[in-house]
Amino acid sequence: MLRLLSLAVSFWLFLCTALQAQSLQDILQTHADEVQKPSRNSVGVVLDDLVASGLPQVVPFLEGWRDREIVQRSPDGQFFRLIEEGDVARLEDLDSGEMIEADAGAFKDLRPNGGVRRAIGNALVQFQLSDPDIAKRRAAVDAIARSMDVSQLGPLQASVEGETDAELLKKKQRLAGMLVATFGETPEARIEAIDALSGDLSVDVRAVLNTVLATTTKVGVAIPEGVNLAETLEVGADLSADEAYARLVEAELAPAPVTPAQIRAALVANIEGDTVGGVAVSALGSDVARAQAYDRLAATGSVAARVPDANKAEAVADHVFYLEYAEPDPAITDAAREALNDIESRVALSQTVDLGLDALSLASIYFLAAIGLAITFGVMGVINMAHGEFIMMGAYTGFVVQQFVPDYTLSIIIALPLAFAVTFGAGVAMERLVIRHLYHRPLETLLATFGISIALQQLAKNIFGTQARPLTSPEWLDGALVFNDVIAISYIRIAIFVLAVLFLILILFVLKRTRLGLEVRAVTQNPGMAASMGINPDRINMLTFGLGSGIAGIAGVAIGLYAKVTSEMGADYIVQSFMTVVVGGVGNVWGTLAGASLIGFLQKGIEWLNPSNTLAAQTYMILFIILFIQFRPKGIVALKGRAAAD
Amino acid sequence: MRNSFLAQNPSMLWFIALLAVFTIAVTLLSEVTGVGLISTSFVKTLGKTLCLCLVAIAMDVVWGYCGILSLGHFAFFGIGGYAIGMWLMYARTEGIVLDSLAGQPIPPTPAEISDAIGNQIFGVVGSSEFPMIWAFADNLFVQLVMVVLVPGLLALVFGWLAFRSRVTGVYLSILTQAMTLALALYLFQNDSGLRGNNGLSGLQNIPGFEETSQATISILFFLASAVALAAGYVFFAWIVSGKMGSVVKGIRDNEARVRFLGYHVESYKLFIFTTTAVVAGIAGALYYPQAGIINPGEIAPIASIYLAVWVAIGGRGRLYGAVIGATFVSLLSSWFTGGGAPDINLGFYTVQWTDWWLVLLGLSFVVVTLFFPKGIGGAFDYLVRKPS
Amino acid sequence: MKMKTSALAMAVMLGTTAIAAAECADPIKVGVLHSLSGTMAISETTLKDTMELLIENQNAAGGLLDCQIEAVVVDPASDWPLFAEKARELLTVNEVDVIFGSWTSVSRKSALPVLEELNGLMFYPVQYEGEESSRNVFYTGAAPNQQAIPATDYFLEELGVEKFALLGTDYVYPRTTNNILESYLIDKGIAKEDIFVNYTPFGHSDWATIVADVVALGADGKQVGVISTINGDANIGFYKELAAAGVSADDIPVVAFSVGEEELSGLDTSDLVGHLAAWNYFQSAESEANDAWVAAWKAKMGEDRVTNDPMEAHYIGFNMWVNAVKDAGTTDVDAVREAMYGQEFPNLTGGTAVMLPNHHLAKPVLIGEITAEGQFDIVSQTAEVPGDAWTDFLPDSAILTSDWKGLGCGMYNTQTETCVQLTSNY
């Protein structure tokens, strides 16, 4: 016995020394194939061996592997860390840290995929949770959050005490709470953890609670004792009779129904001469005849009998369909259900607010696109089909500026006034050359400006190509303003909203409070009278049109920042913009605001009703607008009195 | 009466005569007679151009005579195409399916046939269910009625709503454009039951004429299009002459005055709007079997705008103007975009017409509206009739 | 003396060209049916240039059957009916021997009836939704089982995705592909509730709500992955919104089937790094043939140009056609078609592409992660996968098969053992 024990001990010692003696390279070489082409499901073996070896160089290696710094030298298959300094590439020995010069092409990069990198991250967790480097600690916490596992609970709880960073400490505690809620040892601890989670709207907390509340569908004659029942399913309400019967068949509690395809196959297999089961083959072109023939075959016992509908209904009625929690302890599931219900009602509220924010953002985009038109079309009555192309010109101006000014913030600051200047100029030129001659022929203005629109669009294609061009927003506009885990809105949309509000104020100010605005209103209401008062209508028309066009240019920069710059971007907005102005009521900036809000909120509302088909939302929105205009031809904010005359 | 109608339209006789000569010439020079100077693909192009002329005449009546700038008439054209396309697709597929099922050991049930056809037609959009709107697709007569009925009804309802609310001028234009956009977006959805973006295709293969060569079929459709154009021309010439024509032109020039004279302006407008929509539908039903495919892109708002442009360039308020505009612009378009026009080398830059044709076309609208409001037809009048 | 020699040389040269011309009784014409204007021009012009490069190379290598190859380029202008018209023109007026062309499915379906009527031959180079096998078309792009299915397998196995968002532009390719994927995923045990499908119009830009919906999918603790068949420009807004919502490729990976090097070129790809794409070819593939091809392309078109998957499809297709013509000794369509079956040609990613009797290729499937440079890091490469014309994952087409060589039918019902039809569904 003692001998045996000593033998075992010595063997164990031998094993240990053998492991100790092994270098990292040796371990990697034994798993060379797996290291070269790792897969999420099989990489665990390598990781376990590496971690078990306890070598100090394992952690830096794993970090390097995850970050794709490890290469394999082609001739001998040895693994190295690639260190690139400028154009010089050198290989670092994984064990000794020795540097070797390397020729390009003498080694192959290892490219672990996303799943493998996640697995490596998980293996690193235990080493990194208390690492002095806060970035590594953060990475470890993120890795746990991505794939929670019972094995992480211990190390995580252990690392909570030593955590110095307040924010990270909070994260760790929260994560530990979630782990306890799922994997905690005593029901009391779990319930306590679950209660602590309620009120947290984040997706991962909901994920934890939903995992606790996971159910399986069951069927039986009656609900057995001791089952942690989640819900009894009503046939007809929760599941259809056919589904219910299919479940019975699956649970082998009822015979499988015979499908039409099976009937057909059986008939074909049993053709004897010209008949099947006594029915002429030529008569089998109907379901009734086929059923008849099949029943006769069934009567002879050569095929399985059909299940009459009455039997199906009876079988369904005789059984109970229910959902059972995977978690056996009702106390835990009750606590989780309560917490989840609480969270879900808050989530629903937040989602409504979020949808409202999205709608507001969409409305401000429509408003921005349409506000220039509100001036040229709404105030002056000029149909400018090339308005969309002015938006496009603004966006391309932004793109061109970014080619010369690499600093994104600066380039946007330059681009906004420049876009205004470019489109203002284009607008003035168009007014002088074309529109001025067509003031009394509005339908022909439509055609001429449409001609300009397709010419400009094609010109943009010839100059910039048909591919979408990037207009990159400055870094401070990246990301989103997060109110809670559900309500968030990207900064770029907020910026567009702010821009829209600014323009609303600016235009109201110009129209209502300045000399120019007074003259504009005078000229639009009665050009003859205005002229006799000493106002030059030509000049005013030119300036007004330029102003409207210039604003379109700025809108173009904003729209380009949030979406894309293409030669067709203007065409995407033109019909919408006209409808915004018409729905809102022509001749009134407030009307345009109302129109944009109506369209934005309506579109989001319809999208919410049918989230899988955005195109349908747009279709129905346009239909609604058509109907709306039929019943309120002057729009939401209708002008009254003389100004309203056509 | 008959006399005065002809007297008012001397151009009509000229037009019919020219069309007849042209039609006979093309037929004689086509591949059918063995001469082959005009290829089948060019016969198809000419046939399609005749259909475009027909819809352009309708557009001219509604805009040039009645003053309603409709930016939706190409939608009616498309609906006509879809209506006939449904039958063409269904009948052709049915033939194929019945052939393939004939070899089965037991005869197919109606449900199996319908499933197989559905699978053939809608397999491409990942479905095999027949949508409701295909209920009558097996019946040529019903679908032919649809060609007339659907555009007519749509125009009637839309026009009734719009004219009743006194939506006029540019508002009406934008509204018709919105209608076109809504229809195009609707058809773009796969759920529309008309194969979404794929549209209906293989329409040039006419069921029952499997053995007939495309050369013959193309000539038959060319002749049918010519007859339809001639009939449409006579019909509209008759409508715009006489008392009705005077009222319609009166509405264009001063709607309020005509209303005060006691005419029910809305009825006249509705009549013109609906009739032209029906003719547009018929033109579409003749066009798409020659094009071979119809898809929602065809009825995008831009197509209707082009229609207005043809009429503007050809000259509004004269029917032959619409014909000239449609022929001129559409043939020129296909010549330029088809690489027929030689590139111009400026040394530092080569002008490729495939790239620059649209710029030229766009600018030409501007020039025509600014300097030739009567279009090419107007210049033609000037030459022929010597201004008094 | 000098003049004499040059005159002599001239005479010799003239003589040789005369002989060559005499041997080349019938000039070989290759039709190129790609849009050079309109919305599809950006993608298709590249393929026209590819064809011109391939034909130049072949001519430099001595042409084909002692003839120089002449390219006949036409422009169908992204107008679907024009594809039918131009195809007819190419076949009857220009009398080309073969056509290389089309990008969108609808343009192919527009040209199909003409090709079948006039017995033409077309090579179609783009990934598509399958469910078709025409006697007159060779499909050198990927069928769903060569792109979508392996990418989904990668999601399931390598990334452990349990919940899928299938986002697509509303047209036939995404619709059919998503239908196939839905039924494939259900086969794989993913519940129907765990598959979220959404369609958006072309050029869609308002992605905030959809991205929020996708993020919310993770609420039940399952790993979410996005399979994107979003087309063209709309991708930009989508990836921007994902980045703005703070969603990285580690949180919710996106695999795209319509985003390649060409689409990424000139874009700021920092928002896209780590997201995936599945193709049969990436420019970053490591092989000598690919290095040579990329070098030739850049030499012709400029340093900043990139290569992509449909270009490789044309590269394989054209070379296979050349070899088939050499084997058949004629450009006659029926003879070439027979010679095409079993043609092998090394593809650019290493390995060999084989033309199958169902007119599809056997090609490897690659999955790449987008890098900051707008290229792809290849993280997975399968062995050659034979293209399947009729998918096995939709009940109606599972029973169909295509075998033009053995069965002489592109739509053969294996249950009833009959040929459903010889022409295609258009």
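Which domains does the domain assignment of chain C give? I noted domain 1 as 20-142 + 287-361 and domain 2 as 145-283 + 367-386. I keep in mind that this is a predicted model.

**Chain C, between the domains**

I looked up the distance between the two centres, taken over C-alpha atoms. Domain 1 of chain C and domain 2 of chain C have centres separated by 29 Å. I then turned to the contacts. On the domain 1 side, 19 residues of chain C take part, and they meet 17 residues of domain 2 of chain C. Which helices each supply at least two residues of the side of domain 1 of chain C that touches domain 2? I found α2 (41-60), α4 (105-118) and α11 (309-328) of chain C. I sorted the residues of that side by character: seven are nonpolar, eight polar and four charged.

**Chain C, the sheet**

Next I traced an open sheet of five strands in chain C. Its order is β2-β1-β3-β4-β5, and the pairing is parallel. I marked β2 (69-74) and β5 (137-139) of chain C as the edge strands, since each pairs on one side only. On average, neighbouring strands of this sheet are turned by 25 degrees against each other, direction ignored. I then picked one pair inside the sheet. Strand β1 (residues 28-33) and strand β3 (residues 98-101) of chain C run parallel and are joined by four bridges. In β3(C), Val98(C) is the residue I found opposite Val30(C).

**Chain B, Ile251**

I moved to Ile251(B), in helix α9 (residues 242-253) of chain B. Is Ile251(B) buried or exposed? I count Ile251(B) as buried because 23 C-beta neighbours lie inside 10 Å, and 20 are enough for that label. I listed its contacts, leaving aside neighbours within four places in sequence. Ile251(B) touches Cys66(B), Gly67(B), Val258(B), Val265(B), Tyr268(B) and Lys269(B). I also checked Thr369(B), 118 residues apart from Ile251(B) along the chain; their C-alpha atoms are separated by 22 Å.

**Chain A, helix α11**

Which residues of helix α11 (residues 203-212) of chain A are buried? I found Val205(A), Arg206(A), Val208(A), Leu209(A) and Val212(A). Looking down the axis of α11(A), I see these buried residues fall within an arc of 155 degrees, so they line one face of the helix. The general rule is that an α-helix has 3.6 residues a turn, so residues three or four places apart point the same way. Last, I asked what covers the buried residues of α11(A). The cover includes α9 (166-183), α10 (187-197) and α16 (330-379) of chain A.

Note on methods
Residues are numbered from 1 along each chain as its sequence is written. Chains are lettered from A and ligands numbered from 1 in the order in which they are written. This is a predicted model: local features need pLDDT of at least 70, side-chain atom pairs count only at pLDDT 80 or more; totals for chains, interfaces and linings use all residues. Domain bounds come from an automatic or database domain assignment. Two residues are in contact if their C-beta atoms, placed from the backbone, lie within 7 Å. Ala, Val, Leu, Ile, Met, Phe, Trp, Tyr, Cys and Pro count as nonpolar, Asp, Glu, Lys and Arg as charged, and the others, Gly among them, as polar. A residue is buried if 20 or more other C-beta atoms lie within 10 Å of its own, exposed if 12 or fewer, and partly exposed in between; C-beta atoms are placed from the backbone. Two strands pair if DSSP finds at least two bridges between them. Axes are lines fitted to C-alpha atoms, for helices over the stretch in contact, and angles run from 0 to 180 degrees between N-to-C directions. The arc is that of the directions from the helix axis to the C-beta atoms.
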